[in-house]
Amino acid sequence: MKYSGIGGQAVMEGVMMQNKDTYAVAVRKPDHEIDVKVSKRKNSKTLDAVRKIPILRGVVSFVDSLYLGMSTLMYSASFFEDEDDEGTLASKKKEEELTAEEKKKRAAKEKKQENAMLGGTVVLSIVIALALFFALPYFLSGFFKKVISSQMLIAFIEGVIRLAIFLGYIAIISLTPDIKRTFMYHGSEHKCINCIEHGLPLTVENVRKSSKHHKRCGTSFLLIVMLISILFFMFIRVDSKPLQLLLRLVLIPVIAGVSYEFIRLAGRYDNPVVNMLSVPGLLMQRMTTKEPDDEMIEVGIASVEAVFDWKKWQEENNVCAH
């Protein structure tokens, strides 16, 4: 049993760790201090019930993770926004003049605006992803229909194009300094989880020598989505082009749900079959995880300890160092 129950992701100069409905964002601020914000999500009984249903829970988890990821990314970025000093001082002075009721209304308004912006960002992100990774490969694969009659082979070529676009996109963004550092924090996140799951005390030294790859990684999830979509679109086909495109959109939640179940299975079990099927995702992580420095590891440790009693978990699961 190596499933710790925690998951996370890298954010700008920090790490977000989640344990059930509690999540923490640890950020290394410009003054080198670590800021840790712990929050708790509000869940409805309906969502709690859906999260117990295979496939459907994957769809809910994907959308929820996207929304949570955006919010934590915006929070971490807030520490590095360039502000005009005079404008900031004027704003603080005006805020001091407000009454308690006015401050409350202002905070509620800002929260509403933030939620609206988050919702819009999530929707825009989904639309761009669908256009780039599903619609574009579908139309590009159409050029091969002039020389290839097999619809199954065309669907396979479409999947290869989709995968190539995805890998190319990751390769390009990884060249930017900010993304490089984000990938280093991604490595810190994985190393912290691996350190705990292998029964080692959560120290900088132990985290440093732990692996930066993990089978439950979101990168592996996205790659599995790409690979499973190839199989779905090869065997589930219709003749009409508009219906073909519609079918791809309709099947995305199902593909995401199936992919989630695989990642969940890979995180819970350690056997030759699961390990073999996890290889593509682990190879992909060579692009999206980098070795962190000690300061980044400290941030990762802070985010874990804010939401997870790793010592208690190791004792309850009798996890020993190996």
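Which helix lies across S1, S2, S3 and S4, running at about 155 degrees to S3? The tour below comes back to this, starting from the strands. The model is predicted.

**Stop 1: the sheet.** Select residues 6-11 for strand S1 and 34-40 for strand S4, then add 14-19 for S2 and 22-28 for S3. These four strands form an open sheet with antiparallel pairing, in the order S1-S2-S3-S4. S1 and S4 stand at the edges; each has a single partner strand, so one side of each is left without a neighbour in the sheet. On average, neighbouring strands of this sheet are turned by 15 degrees against each other, direction ignored.

**Stop 2: the S1-S2 pair.** Zoom in on S1 and S2, which pair in the antiparallel sense over six bridges. Show glutamine 9 and look across to S2, where methionine 16 stands opposite.

**Stop 3: the helices on the sheet.** Select residues 56-77, helix H2. H2 lies across S1, S2, S3 and S4 and runs at about 45 degrees to S1. Now select residues 294-307: this is helix H11, which answers the opening question, lying across S1, S2, S3 and S4 at about 155 degrees to S3.

**Stop 4: the annotated segments.** An unreviewed UniProt entry places the feature "transmembrane region" at residues 116-140, 152-175, 217-236 and 242-263. Select 217-236: the chain there is 90% helix and 0% strand, with its end C-alpha atoms 28 Å apart. Move on to 242-263, where the chain is 100% helix and 0% strand, and the end C-alpha atoms are 32 Å apart.

Methods. Residues are numbered from 1 along each chain as its sequence is written. This is a predicted model: local features need pLDDT of at least 70, side-chain atom pairs count only at pLDDT 80 or more; totals for chains, interfaces and linings use all residues. Side-chain values use heavy atoms; hydrogens and water are left out. Two strands pair if DSSP finds at least two bridges between them. Helices (H or I, at least four residues) and strands (E, at least two) are DSSP runs, numbered from the N terminus. Axes are lines fitted to C-alpha atoms, for helices over the stretch in contact, and angles run from 0 to 180 degrees between N-to-C directions. Contact means heavy atoms within 4.5 Å. UniProt positions are given in the numbering used here, feature names are shortened, and annotations may be inferred rather than shown by experiment.
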